[in-house]
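Biologist: Please take me through this structure, and give a reason each time you use a technical word.

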Amino acid sequence: MSSAARTALLLALAAATSGCDQVANRLLDRGVGQALQSNRSDLLDDGRLNVVLCGTGSPIATADRAAACTAVLAGGHFFLVDVGPAAVRNLGVWRLPLDRLDGVLLTHFHSDHVGDLGEAVTQSWIGGRHDALPVYGPPGVDRVVAGFQEAYALDRSYRVAHHGAEAMPPGSGVLAARTVTLPGPDEVAVVFEGDGLRVTAFRVDHTPIEPAYGYRFDYAGRSVVVSGDTKPLPNLVRQAKGASVLILEALAGHMIERVSKGAAAAGNARLAKLSGDILDYHTTPAQAVEMARDAGVEALVMTHLVPAPRNRMMEWMFLRGTDGIWDGEVILAKDGMHIGLPANSTELVIDELA
């Protein structure tokens with residue numbers, strides 16, 4: 001909801017408490033109208049390749065970051081790459097057109113990447129999406145989908161019984177698993193192609209989580225690559241060659257090492273082990289910059305930030321060791337960041353959804 005709509009609703013409530021029913025109702029009607037008109041379906045059909053960072057955090061809870069989720073909109077199509085906890089709430093706040101959600105692309109099946117899958121299908125169904133929601137991913141995606149189907153089965157039945165099948169078609173409230181199999185370890189698979197948009201999947205290295213994928217989106221002479229969780233590998237560099245934007249996960253190993261040592265010194269062996277273990281299957285900020293340089297991308301966006309910076313000092317600490325590697329643009333992602341890529345240009349338009 002826009003700030004104007006929120007203001008109108010607050011004024012309506014204030015007027016209502018004073019007994020000004022007519023004024024309250026007019027203000028409420030205005031607020032509702034503004035809210036309904038603020039749907040961001042324009043991002044689907046504006047001729048650009050649009051990216052919205054809808055979840056830039058990690059399993060470590062932070063107040064202002066949902067878990068992993070990246071929205072890509074172009075050519076009338078709308079996909080989510082991963083859908084971690086709290087991401088769908090963000091999509092609702094920003095009024096992205098969930099009724100036109102084409103599918104969810106899962107990179108792998110860690111909980112911080114799949115936790116909001118049930119909300120994605122339910123909220124887009126409530127919003128008016130037609131047909132089952134495809135969920136693409138590596139082998140094993142059928143098990144994940146089956147689990148969410150069962151977990152939300154009673155919820156679906158309640159909504160159909162309450163609102164009726166015409167308003168809530170049962171066949172639109174379900175997920176459809178689409179297993180993506182790569183023809184070879186360093187080859188790609190086409191996930192979707194239509195209306196000028198091409199989406200391909202490729203292998204990344206998140207061992208022992210196997211297989212794990214990244215995704216590339218090409219549209220109107222621009223391209224975006226979303227890495228998923230991975231450590232550095234040549235195949236990722238190859239698949240990101242010449243991309244407009246590389247959206248790459250980043251874990252500041254030099255900061256997490258201190259967490260692990262501090263936990264051990266405090267006698268918390270469990271935290272020391274768990275924080276130490278994650279160092280070997282993620283990408284450090286310096287490694288991310290090196291891969292962006294080697295791939296020749298136009299801009300690097302770091303996401304899935306561990307630990308997520310809360311202020312400028314933490315941002316500086318997070319990026320320590322990246323100076324002098326590459327002179328390209330490096331951006332630390334934030335929830336609500338929107339990147340617009342106009343067709344057949346090198347322009348990068350960055351703003352925030354409100």
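Modeller: In this predicted model, the lining of the second largest cavity divides by class into four nonpolar, three polar and one charged residues.

Biologist: Which residues line the second largest cavity, and what makes one of them charged?

Modeller: The lining consists of Val121, Thr122, Phe148, Gln149, Tyr152, Arg156, Gly173 and Leu175. Arg counts as charged, so Arg156 is the charged residue here. Gly counts as polar, so Gly173 goes with the polar residues. H5 and H6 are the elements that give two or more residues to this lining.

Biologist: Why is this space called a cavity, and what is its volume?

Modeller: A 1.4 Å probe fits in a cavity but cannot get out. The volume of the second largest cavity is about 30 Å³.

Biologist: How many cavities of 30 Å³ or more are there, and what surrounds the largest?

Modeller: There are two cavities of 30 Å³ or more, and the largest holds about 120 Å³ of space. It is lined by 15 residues, with Ala68, Thr70, Val226, Gly228 and Thr303 closest to its centre. Strands S2, S11 and S12 each supply at least two residues of that lining. By class, the lining has five nonpolar, seven polar and three charged residues.

Biologist: What makes another space a pocket and not a cavity?

Modeller: A pocket is an open set of points, whereas a probe in a cavity cannot get out. The largest pocket has a volume of about 360 Å³. Of the 19 residues that line the largest pocket, Pro59, Ile60, Leu274, Ile278 and Val306 lie nearest its centre. H4, H9, H10 and S12 each give two or more residues to the lining, and the largest share, three residues, comes from H10. The classes are ten nonpolar, seven polar and two charged residues.

Biologist: Phe148 and Gln149 were named in the lining of the second largest cavity. Which residues of helix H6 are buried, and how do you know whether they line one face?

Modeller: In H6, which spans residues 141–151, the buried residues are Val141, Val144, Val145, Phe148 and Gln149. Looking down the helix axis, they fall within an arc of 135°, so they line one face of H6. The face turned away from the buried side carries the exposed residues Arg143, Glu150 and Ala151. Among the elements covering the buried residues are helices H4, H5 and H7 and strands S5 and S6.

Biologist: Which residues are buried in helix H11, and what arc do they fall within?

Modeller: Pro285, Ala288, Val289, Met291, Ala292 and Ala295 are the buried residues of H11. They fall within an arc of 160°, so these residues also line one face of their helix. Their cover includes H8, S11, S12, H12 and S13. After H11 comes Gly296, with a positive phi near 65°.

Biologist: Where is Thr283, and why is it called buried?

Modeller: Thr283 sits in the loop between H10 and H11. Its relative accessible area is 0%, and buried means under 20%, so the word applies to Thr283. Leaving out residues up to four places away in sequence, Thr283 touches Thr230, Lys231, Pro232, Leu248, Glu249, Ala250, Leu251, Ala288 and Met291.

Biologist: What makes the approach of Thr283 to Thr230 a polar contact?

Modeller: The side chain of Thr283 reaches the backbone oxygen of Thr230 at 2.7 Å. The cut-off is 3.5 Å, so the pair is within the limit.

Biologist: Is Asn50, in strand S1, buried or exposed?

Modeller: Asn50 has a relative accessible area of 0%, so it is buried. The side chain of Asn50 reaches the backbone oxygen of Leu43 at 2.8 Å. Apart from neighbours within four places in sequence, Asn50 is in contact with Leu43, Ala71, Val72, Leu73, His338, Ile339 and Gly340.

Biologist: Why is Glu257, in helix H9, called partly exposed?

Modeller: The relative accessible area of Glu257 is 40%. Buried means under 20% and exposed means over 50%, so Glu257 falls in between. The C-alpha atoms of Glu257 and Met317 are separated by 13 Å, with these positions 60 residues apart along the chain.

Key: Residues are numbered from 1 along each chain as its sequence is written. This is a predicted model: local features need pLDDT of at least 70, side-chain atom pairs count only at pLDDT 80 or more; totals for chains, interfaces and linings use all residues. Side-chain values use heavy atoms; hydrogens and water are left out. Buried means under 20% relative accessible area, exposed over 50%, partly exposed in between (1.4 Å probe, protein chains only). A polar contact is a pair of N or O atoms within 3.5 Å; within protein, one must be able to donate a hydrogen and the other to accept it, and residues adjacent in sequence count only if both atoms are side-chain atoms. Contact means heavy atoms within 4.5 Å. Helices (H or I, at least four residues) and strands (E, at least two) are DSSP runs, numbered from the N terminus. The arc is that of the directions from the helix axis to the C-beta atoms. On a 1 Å grid over the protein atoms alone, a cavity is a set of points where a 1.4 Å probe fits but cannot get out, and a pocket is an open set with protein on both sides within 12 Å along at least five of seven lines; lining residues have an atom within 4 Å of a point. Grid points are joined across faces, edges and corners, and a volume is the space filled by probe spheres set on the points.
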